[in-house]
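Here is a short tour for a first look at this protein. Keep the sequence and the 3D view side by side as you read.

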Amino acid sequence: MRILFLGDIVGRTGREAVMEAVPNLRRDLRLDLVVVNGENASHGFGLSLPIARDLFAAGVDVVTLGNHAWDRKDLVGQIDAEPRIIRPANYPPGTPGQGSVVVELVDGRKALVINVMGRQFMEALDDPFRAVTDIMARHRLGVTVHAVVVDIHAEASSEKWAMGHVLDGRASLVVGTHTHTPTADHRILPGGTAYQTDAGMCGDYDSVIGMGKDAAIARFLRRMPGERLQPAEGVATVAGMMVETDDATGLARRMAPLRIGGLLAPTMPDF
């Protein structure tokens with residue numbers, strides 16, 4: 001299975017870049033599954049159902065969320081109507097939506113996508129490690145599902161690394177989101193799980209993690225609330241990675257980063 005995961009979409013320029021790129025990437029890279037993190041897609045804060053549906057129409061299969069999941073209050077009453085939008089599974093019981101989804105591909109293969117949120121320097125949610133374990137207990141990689149993708153939306157790189165090692169040999173891909181900066185540690189772990197601490201963002205990198213520079217810098221200089229943060233509107237980079245799995249085991253055979261457009265050095269998978 002050929003999987004593309006794209007990091008946090010930030011604002012209009014980020015989502016437009018993703019919607020423009022995904023159809024061509026699906027064709028050129030012969031992709032089977034496309035997963036994106038969309039928690040900053042709506043004006044930099046949250047996700048609306050119409051934006052999610054635009055992403056699905058462009059060829060995205062699953063949209064994951066994070067700590068801005070409920071910034072758009074309308075999504076609270078709408079998320080249960082769209083199972084392809086998943087929020088962190090370690091929100092308390094009774095929270096709207098689901099933390100995972102099984103996607104059936106056109107050829108009948110199935111992929112499990114899980115979203116969890118870290119707790120270090122983040123909201124005090126339930127245990128993300130237990131949440132992932134509970135979900136994966138209902139599925140067997142290489143038997144009932146052909147791939148497992150885990151998006152850990154977390155601040156601390158240590159927590160993301162720990163999740164990668166805990167799931168090594170049990171997931172196809174464990175990838176971090178939230179810090180909006182692509183890390184250079186993409187690799188296949190000893191047990192066969194592809195891992196990257198952060199996929200980066202799909203947005204304008206002439207910014208402060210996707211937000212306009214002036215307002216963001218002012219908050220650091222003055223240590224006072226000021227102008228509302230707004231997404232930067234320059235040319236966006238689409239950032240993420242591609243993984244190719246072995247259908248017999250569900251584990252990764254190859255992985256490579258992907259960056260196109262904008263300011264970052266471009267790179268494309270060559271397999």
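D8 lies in strand β2, residues 8–9. Helices (H or I, at least four residues) and strands (E, at least two) are DSSP runs, numbered from the N terminus. The model is predicted: local features need pLDDT of at least 70, side-chain atom pairs count only at pLDDT 80 or more, and totals for chains, interfaces and linings use all residues. Residues are numbered from 1 along each chain as its sequence is written, and side-chain values use heavy atoms, with hydrogens and water left out.

**D8 and its surroundings**

D8 is buried, with a relative accessible area of 0%. Buried means under 20% relative accessible area, exposed means over 50%, and partly exposed is in between (1.4 Å probe, protein chains only). D8 touches N37, E39, N40, H153, T177, H178, H180, G200, M201 and C202, not counting residues up to four places away in sequence. Contact here means heavy atoms within 4.5 Å. A polar atom of the D8 side chain lies 3.3 Å from the backbone nitrogen of H178.

UniProt, in an unreviewed entry, places the feature "binding site" at D8, E39, N40 and H180. These residues are spread over 173 residues of sequence, yet they cluster in space, with a largest C-alpha distance of 11.6 Å. Of these residues, E39, N40 and H180 are included in the lining of the largest pocket. On a 1 Å grid over the protein atoms alone, a pocket is an open set of points with protein on both sides within 12 Å along at least five of seven lines, and lining residues have an atom within 4 Å of a point. UniProt positions are in the numbering used here, feature names are shortened, and annotations may be inferred rather than shown by experiment.

H180 is found in the loop between β9 (173–177) and β10 (187–188). H180 is buried too, with a relative accessible area of 6%. Which residues does H180 touch, not counting those up to four places away in sequence? They are D8, V10, N40, D198, G200, M201, Y205 and I209. The side chains of H180 and D8 are joined by a polar contact of 3.4 Å.

**The listed active site**

For "active site", the unreviewed UniProt entry lists H68. H68 sits in the loop between β4 and α3 (73–76). At 18% relative accessibility, H68 counts as buried. Leaving aside neighbours within four places in sequence, H68 is in contact with E39, N40, F45 and G46. E39 and N40 also belong to the "binding site" positions.

**Strand β3 and the sheet**

Strand β3 spans residues 33–37, and 5 of its 5 residues are buried. In a regular strand the side chains alternate between the two faces of the sheet. In β3 both faces are covered: L33, V35 and N37 are buried on one side, V34 and V36 on the other.

Two strands pair if DSSP finds at least two bridges between them. Strand β1 (residues 2–6) pairs with β3 in the parallel sense over 4 bridges. L4 stands opposite V34, and L6 stands opposite V36. β3 also pairs with strand β4 (residues 62–64) in the parallel sense, over 3 bridges. There, T64 is the bridge partner of N37.

These pairings belong to an open sheet of 6 strands, in the order β5-β4-β3-β1-β13-β14, with mixed pairing. The edge strands are β5 (85–86) and β14 (252–260), and each pairs on one side only. β3, helix α2 (residues 49–58) and β4 make a right-handed β-α-β unit. Right-handed means that, with the strands pointing away from the viewer, the path from the first strand over the helix to the second runs clockwise.

N37 is buried, with a relative accessible area of 0%. Leaving aside neighbours within four places in sequence, its contacts include D8, T64, H153 and T177.

**Polar contacts in brief**

A polar contact is a pair of N or O atoms within 3.5 Å; within protein, one must be able to donate a hydrogen and the other to accept it, and residues adjacent in sequence count only if both atoms are side-chain atoms.

| Side chain of | Partner | Distance |
|---|---|---|
| D8 | H178, backbone nitrogen | 3.3 Å |
| H180 | D8, side chain | 3.4 Å |
| N37 | T177, side chain | 3.5 Å |
| D127 | F129, backbone nitrogen | 2.9 Å |

D127 lies in the loop between β7 (110–117) and α4 (128–136). At 19% relative accessibility, D127 counts as buried.

Notes. 1 Å grid on protein atoms, 1.4 Å probe; cavity = no way out; pocket = protein on both sides within 12 Å on 5 of 7 lines; lining within 4 Å.
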